[in-house]
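Student: Could we take a close look at a single part of this model, the place where the ligand sits? I would like to know what surrounds the ligand and what touches it.

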Amino acid sequence: MGDHITRPDNGFTPALRWEEPPEGPVLVLLDQTRLPQEEVELVCTDVQALVAAIRSLAVRGAPLLGLAGAYGIALAAARGYDVEEAADLLARARPTAVNLEYGVRRAVEAYRKAPAEQGAAAALAAARALHAEDAAASRAMVEHGERLLAELAPGGGYRLLTHCNTGALVSGGEGTALGVVQAVHRSGELRRLWVDETRPLLQGARLTAYEAARAGMPYTLLADSAAGSLFTAGEVDAVLVGADRIAADGSTANKVGTYPLAVLARYHHVPFIVVAPTTTVDLGTPDGASIEVEQRAGSEVTDFAPSPLGTQAYNPAFDVTPPELITAIVTENGVVSPVTAERLAAVCR
Ligand code: MRU
């Protein structure tokens, strides 16, 4: 991986930034594996370091993976690395979030189209354009999401449940599902944010709680398995989650543990809302069964609390929620509800 540096203490910590020191361009990442204990940045000077950072989840979350992929191509081009090889390495670093492949493709296409001496500049311009588009998409999703919430659960004073991490740490802007929660909080309508721990890598406990605490939200952390009793107690007005890949039929891959929440929400008549940019929709993947779900090392489960030596673990990083359990998918181009292939295709214009 790259070298760690202490982040600049200016109160603002972007999840990722491009820098051009005299020694050559670098991609600087906020190392999410070290949060919330330490805010340190990871400096990637080459594609191998970036691939390692993606695999270890130092940089993670679908929209941010798209940006990392695009800037990774810009880095490869600027440093004279074989861009086609870089594209292959980066796009395969993690298989489920389609944004990664999309970001890589955007920058590679820009690089290929430009005259040779302008290829690196073109790849960087493509990465920067994607970054700006992602920030704009985030703003639009937040607006649509807030409005939808008011329609589905009128009255305000919301108690919202979320899973994994979907805020500014995973986006060029304020994020997806957590971006909506931030807006609700700003308008004084967030009664409580229920934060699932998100085993085994604890993106909820480490990252969503970190973002919620920084924003001064009223939030409560729970073990994933405690969600059922929250629903039974009538303590959840809506579930808001992000997505890593949405298939053409609306099936949604998101962090493992999302599907059980959708089942619970349906049973308890609570809206289950997915918030994701159209860059997460993959019309080339027909249905949920066609989504490749990343399988991660069993040690992420067995090492959490020491298990007997030799214990085997089942550790899919994501699960797939079928469209019939999703009340609405909020994109930057509008809300898809009910979730059908036709309505989803219509927002992916
Ligand atoms: O394995 P991760 O941490 O990259 O998984 C991230 C998620 O599942 C998020 O919920 C998803 O990418 C949506 S991010 C806006």
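Tutor: What follows goes through the ligand site and then turns to some backbone features elsewhere in the chain. Please keep in mind throughout that this is a predicted model.

The ligand is surrounded by 18 residues, and the closest of these are Arg 60, Arg 94, Asp 244, Asn 254 and Lys 255. Sorted by class, this shell consists of seven nonpolar, seven polar and four charged residues. Two of the closest residues also appear among the contacts to ligand oxygen: an N or O atom in the side chain of Arg 60 is 2.5 Å from an oxygen atom of the ligand, while for an N or O atom in the side chain of Lys 255 the distance to an oxygen atom of the ligand is 2.8 Å. Ala 62 contributes through its backbone instead, with an N or O atom that lies 2.9 Å from an oxygen atom of the ligand. As for cover, the ligand on its own has 410 Å² of accessible area, and the protein covers 100% of that area.

The space that the ligand takes is the largest cavity. Helix 2 (62-78) and strand 10 (252-255) are the elements that give two or more residues to the surrounding shell. Seen by domain, the shell draws at least three residues from domain 1 (3-133) and at least three from domain 2 (137-347).

Some backbone features complete the picture. In general, most residues other than glycine have a negative phi, and most peptide bonds are trans. Arg 199 and Pro 200, however, are joined by a cis peptide bond with omega of about 5°, and Pro 200 is placed in the loop between strand 6 (190-196) and helix 7 (203-215). A cis peptide bond also joins Ser 337 and Pro 338, where omega is about 0°; the loop that holds Pro 338 runs between strand 15 (334-336) and helix 11 (341-347). Cys 164, a residue other than glycine, has a positive phi near 65°, and its place is in the loop between strand 5 (158-162) and helix 6 (177-186).

Definitions and conventions. Residues are numbered from 1 along each chain as its sequence is written. This is a predicted model: local features need pLDDT of at least 70, side-chain atom pairs count only at pLDDT 80 or more; totals for chains, interfaces and linings use all residues. Side-chain values use heavy atoms; hydrogens and water are left out. A residue is near a molecule or strand if one of its heavy atoms lies within 4 Å of it. A polar contact is a pair of N or O atoms within 3.5 Å; within protein, one must be able to donate a hydrogen and the other to accept it, and residues adjacent in sequence count only if both atoms are side-chain atoms. Accessible areas come from the Shrake-Rupley method with a 1.4 Å probe; for residues, only the protein chains shown count as cover. On a 1 Å grid over the protein atoms alone, a cavity is a set of points where a 1.4 Å probe fits but cannot get out, and a pocket is an open set with protein on both sides within 12 Å along at least five of seven lines; lining residues have an atom within 4 Å of a point. A molecule sits in a cavity or pocket if more than half of its atoms lie within 2 Å of its grid points. Helices (H or I, at least four residues) and strands (E, at least two) are DSSP runs, numbered from the N terminus. Ala, Val, Leu, Ile, Met, Phe, Trp, Tyr, Cys and Pro count as nonpolar, Asp, Glu, Lys and Arg as charged, and the others, Gly among them, as polar. Domain bounds come from an automatic or database domain assignment.
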